[in-house]
Every structure is written in structure tokens, then in C-alpha cells.
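I opened the model to look up how one strand is paired and covered, and then how two helices pack. My notes follow in the order in which I checked things.

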Amino acid sequence: MKQTDVSSFATSQLSLLNDELQGELAETTLLSSTHSPTVLQRAGLALLNLTVSSQRTGFGGKTLLELTLDPAVGGGDLPEHGLRTGDICAVAEQPKGAERKKERQGMEKHGVDGVVTKVQREAITVALDKDEVDIPGGKLWLVKLANDATYKRLNQTMTKLQKAQPSEHSILTQVLFGQSSPTPVSKEDLTTPLTFHDPSLNSSQQDAIRFALASKEIALIHGPPGTGKTHTLVELILQLLDRGQRLLVCGPSNISVDNIVERLSSHKVPMVRLGHPARLLPGVLNHSLDVLTKSCNAAAIVNDVRTEMDAKQASIRKTRSGREKRVIYGELKDLRKEYRQRESRVVADLLKGSKVVLSTLHGSGGFHLRNEKFDVVIVDEASQALEAQCWIPVLYTGTEKLVLAGDHLQLPPTIKSLNSKQSKPKAKKAPAVNEATDGVEDLSISKKSKTAKDDGDSKKAEPSTLETTLFDRLLSLHGNSIKRILTTQYRMHEKIMAFPSKALYENKLVAAESVKTRLLTDLSYPVKETEDTTVPVVFWDTQGGDFPEKSEDDDSGAKGKSSLLAESKVNEHEAAIVRLHVSRLIEAGVKAEDIAIITPYNGQLALLSRMLKEIFVGIELGSIDGFQGREKEAVVVSLVRSNPEREVGFLGEKRRLNVAMTRPKRHLCVVGDSETVGRGSKFLTAWMGWLEEEADLRYPDPSELQDEN
Ligand SMILES: Nc1ncnc2c1ncn2[C@@H]1O[C@H](COP(=O)(O)OP(=O)(O)OP(=O)(O)O)[C@@H](O)[C@H]1O
């Protein structure tokens, strides 16, 4: 066991985080200082010609401004924009002659910062950061700002860790750094009979629960694709509650947390979900602090003040006299103070009374939990979280036990905040193609520079230390004895599962009876039996050099211009094969919405989208990274790389390929050049070998593709 020094670990994290932040800020500043509002609006980063359509009081006593298009410019729907709930923005008076840069730079002085809380077709609502603001009567504009809140909290957390004296380190912290070993779990604890709330749990799930219950400091639940990780966590939560424990349940994204809230609510567990209501799934709202503080018994005392404040807000907008305004502001100030006091009493009571609190990792560092103690912290999707994020609930709640659930053999967290959006639910809804490339939201750090570089060749890119997750680090620190793996998977046909199981999961995966032989022809609607619909795995091998890749910007000569414009790859012939295969599936009766096409290269994704989105309405196209956590009945993977140098770039990352090959339930079609891809790495050689042996092989007939074109 290799010990890690706590303080130097924190110091190095701080420096890595700072590098990220500086890069991010430089990029945003560059963007907003060099472009006019109109250009920013076209880029989806700003909205112009707005007016206040209503003003009221929201959670935390904040002023909520609802903005719509000024009737003077015709009103109606807002133009297309990229502003999302949770984005940090500024609202300011629109400079006359919108292009004038000088005036625009005064924005920071005249504008008010806030957070987007609701986005509708005709309106966008912003919760303002400042209490007393005099919103100008003229036209307003709203611009997205860089969000450094995430970094600030990570920074605070790592600073706290850095400054803690060794004598202050909890046993858990010592275990997390290898200075103490985890207390061994006794055999009896692992074998004592347990009554499970869910009798359908399989034996690996039951074992994982026994292990997590018996562990004193840490337990890792390793959930390969489709093995019911969240299902298992829900039972673990119920078992811990039976034992009188108080729990904090977190995940890196809102959706990862909401997934658990939704599943727990059918068990009637009294719980509180922290987080801004605008970011939560509708089904989860009833558990949010915002709604609970309005609906609980003590709510009336808060609501009285809220009503009074709203009336005052309305009267401010009506009066023109500066003196009257000042009087009302004074009254509002007192009311707001009163409101916050009453609300925080109600919130504190609600939190004290709840045995389960759920929030994002980031949210667990908010002031609501500052004095709350929890017996156990559970983190779902832990291999999607930065280590520094996982420390937020650990350090701020003083827990002595941590349960992490995840799969370190799928993709690690990516680093991005400027353009981060809500991550998609696991639900089978079809996000637009550009959204499918987005990562996880709450922290969503995805290094732009890295993405750009990787898009060219990830093999050369050294993994940054920020990407080593706590899950990974603990496994290398303490070994497999701190984890239990879930082995029955409920997603894939057994043939689709076979290679990833053998190559990555020590051959431990077993396909559940209900899925192991499911084919497209067994779908709930009629699908004709064809050579495609009756086989689980198809491999279109384009070997022979007739289907070469292209660098996207070969023609434009943009190579080396900027890391953000780094070249991507396309393979037009592969795209034609994808079209052929999909059209055959659709002719056989498979619905377009049951098919997804995924590829590692954004260039190829853009090409495929142009070619196929309109022909196959409802089909989903996405990057492999954006498809993590999702599933489809049929998945076509376009590998793109085909070159005499046998370069595989992005495909060198086996965790990315693992994600790609484990998305389908009934049908996986791989399109690629076995000669190029097969030389990329040991993993790729093994995969190509396996496909040649086990898949239904197809060799493209150029004349058939000609017809298709
Ligand atoms: N013991 C079980 N018996 C039957 N079905 C199960 C069992 N455990 C999980 N499932 C089913 O397997 C599917 C995957 O479960 P869940 O969403 O909990 O998995 P996950 O591991 O969190 O998913 P992912 O692989 O996307 O991370 C769900 O449809 C769930 O109902």
C-alpha cells in the first residue's frame, strides 16, 4: 500500500485546478471582449432586445426577473440561443448602437449578475445575485458569463484539505490516503442473512450490499454497463435507513442524483433534494427544498412575507418618483431579511428531520449542509467525478464512511464549463445531435484543449492527474478487497456482452435470462427476419485501403491554426455503409428511434448527421462520449480510422471503445478497417480478432454503395 501525503496531494490538485481555470477564463474573456453583442447573440451566448415582463421573489429571497422580447421589436419567441438553466449571466441595459464596444465594456459596472433559472420559448428567467437593483426601463440584454463557481468550490475544498493538520485527519481521510488500512470486513458480516426490500436482487447485488453495510470506512461498488448499480444503491439506502443511519447521497450531475430520488420516492422515503428547482427533473420537485418549504406546515410564515415582497416589487416598477422608490427599497430590504430568517429556520427544521439528503457533489458544499452530520456518504457515478469533487461531501459533513459506485472502465470525467449544458437523462429521449456531444453538467469539466488534441490523436496525450478519479486511486491504493463487482447485466444480448466481459471484466459478466437471447425480431412490434435483424453483432470490415479517412480540414489548410480548431476525421465511405446498414434495418421494420449511430470523431458525426438525420427521422446520432450512460435497441458504431500509417488516435482509449460496444441491447453493428484499427493496441487487436471470429462479417461492395450514393 503506497501512502500519499495529504497536503502535497491537495497542493498539486490546487495547481491543476488553477491551470484549468486560467485557461477557461482566458478563453471567455477573449470571446466577450472581442465580439459585439450581435455576434455574441449569433453564437448563442447572448440575447438582445429584452424587457422585464415580471419581477417576483424566489427561493432564498432572490429577485426573479422574467425577460421577454421587447414588443417594440415585435415580441414573440426568443431567437435560438445556448443559454441554459444554471448558466451564470449578466443582465444590463443594451448599449444604443449595439456594436459599440466601449459602452459594452461598461457592462460589468452597470449590469447585474444572476443565474438563469428557467428557459421557455418566449421568456427566460434570471435570479439576480444583488438584492437592491434598479432595473432600467429601456431595452436590456443578457450575456452568458464564465462560471467559476465550480472551481471556487473545488479550490476551497482542496485548500481546506491542504491546511488540515495531520492530527485533524479523520480515520476516513487516513484510509483515503493509505495511511491506515480499511478495517477488514468479517466473514460473518458477509454471510449473515438479510431481508431485502427488493426480493429480485441478484446474488452479486446482494453481496455488494452486505459488503457495503459491513465496511467501516470505504466500499466501492463496481457496476459494469447495465448491471443495476443504481438499483443496488437504492436497496443499500433502504438497508442503511433500517439501521437508523443518516445519509447524504450525491452524484456528479443533477441527473445522476434525480435518478436515485425518482427510484427512492416509490419507497416513500422521507428525503430532501437540495439544488435549484429549475435544474431538477419534474418528478423530483416534490422533494426539493424549494417546494418543501412552501408546502410544509411551517410554510405559511414564509409565504406571508413572500406575498408582501412581491407586492412591493410590483409597486417599484410602477412608481417613477425616486424618493418613493427609495422608501420601497428600504422596506423591501427589511422584508428580505425577515424572509431569509424565516426561510432558513424552516429549511433547518426540514433538513434536521430528514434521514436522507440528496444533492450534487458540488451542492453538498453549500451553506445548508454546513452544520449537518451524516453517518454515510454515498456517491453514484463516482468514476465520472473528479477526485476533488468527491472531497466536498467528505470534508464538509465529517462523515466516517464513504460508498462509491461507478465503473472505472468507462470514460472518466471530462473538463468543461463554459458551454456546459444540462446532461441528458438516461431516458430514451432523443437529444439534438449537438447536445449528444456534451458531457456531464454539474462539474462538467472537459478540457477543451485536450478534446481538441485527442480528436487528432489521444495516444500521445498524457492523461492529466485531474482525471485520476478517487475510485481509480483507491483501487490502486488498497486493491480489489475494497470493492465488489456486480456481474449480472440486464441490457445486452450475450454475444454483445462477450468481448467486453472477456477483455475488461475478467469474464465475470453474465447476461440475465431476460436479455441474453433477445434479437431485433423479438421487439414488441413486427420486425422482418433478415440477415441483419436475426444477428446480434455485425462487422462491416472495410480493410483493403479503399475506404480511407480524411482530415476534415485538409482542404482548408487550417492545420495547426489553433488547438480549438484541431482537425477531426471523416470517412465518407464508412458513412455510406452506415446509411446502407441503417436503411436495411428500417426496411425490416426497426423504428428509427430504436437506432443510434455513434462515432468518436465530431467530423464524422457532423457528416453522418447531414446525411441521415432527415432521411431517418427520429434516429439518434451522437459522439461515443456523449452516449455514456445511454442505451438503444440497435447501435451502429463508425470507427472512421483507415490509413496506411495505422494511426488510431482517439480509438486507442479502451474505455471509450468499451462505452461504444456496450450501448446496444439487441444489435451492434461495427463499421471499420480491421487492418488499421487492429494494429492500434493490444485491446484493438483482440477486438478485431474477436469480431472476425464471432461477428456476422460483411465486406462492402463498392457498386452497392455507389447505388446508395
Ligand atoms: N436484480 C434485478 N432484476 C431485474 N432487473 C434488474 C435488476 N437489477 C437491475 N435491473 C434492471 O437493469 C437495468 C439497469 O439498472 P440500473 O439503471 O440500476 O443500472 P446502472 O448500472 O445504474 O445503469 P448503467 O449501466 O447505465 O450505469 C434497469 O432496467 C433495471 O431495472
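I began with V537 of β16 and found that its bridge partner in β22 is L668. I am working from a predicted model, which I keep in mind throughout. Following the pairing along, I noted that β16 and strand β22 (residues 664–672) run in the parallel sense and are joined over 5 bridges.

I then turned to strand β23 (residues 696–698), which is also parallel to β16 and is joined to it by 3 bridges. Here I looked up W540 and found it opposite R698 of β23.

Next I asked myself: are the faces of β16 covered or open? I found both covered, with V537, F539 and D541 buried on one side, and V538 and W540 buried on the other. Since 5 of the 5 residues of β16 (residues 537–541) are buried, I recorded the strand as largely enclosed by the rest of the structure.

My last entry concerns helix α17 (residues 494–504) and helix α22 (residues 682–694), whose axes lie 11 Å apart and which pack at an angle of about 150°. Because angles over 145 degrees count as roughly antiparallel, I wrote down α17 as roughly antiparallel to α22. I also noted that the crossing of α17 past α22 is right-handed.

For the contact itself, I listed K495, A498, F499 and A503 from α17, and F683, A686, W687, W690 and E694 from α22. Sorting the contact of α17 with α22 by class, I obtained 7 nonpolar residues, 2 charged residues and no polar ones.

Conventions: Residues numbered from 1 in each chain as written. Predicted model: local features only at pLDDT ≥ 70, side-chain atom pairs only at ≥ 80, totals over all residues. Axes fitted to C-alpha atoms, helices over the stretch in contact; angles between N-to-C directions. Helix = DSSP H or I, 4+ residues; strand = E, 2+ residues; numbered from the N terminus. Parallel < 35°, antiparallel > 145°, perpendicular 65-115°, else oblique. Left-handed = near helix turned anticlockwise from the far one by under 90°. Contact = placed C-beta atoms within 7 Å. Nonpolar A, V, L, I, M, F, W, Y, C, P; charged D, E, K, R; others polar. Buried ≥ 20, exposed ≤ 12 C-beta atoms within 10 Å, placed from the backbone. Pairing = 2+ DSSP bridges.
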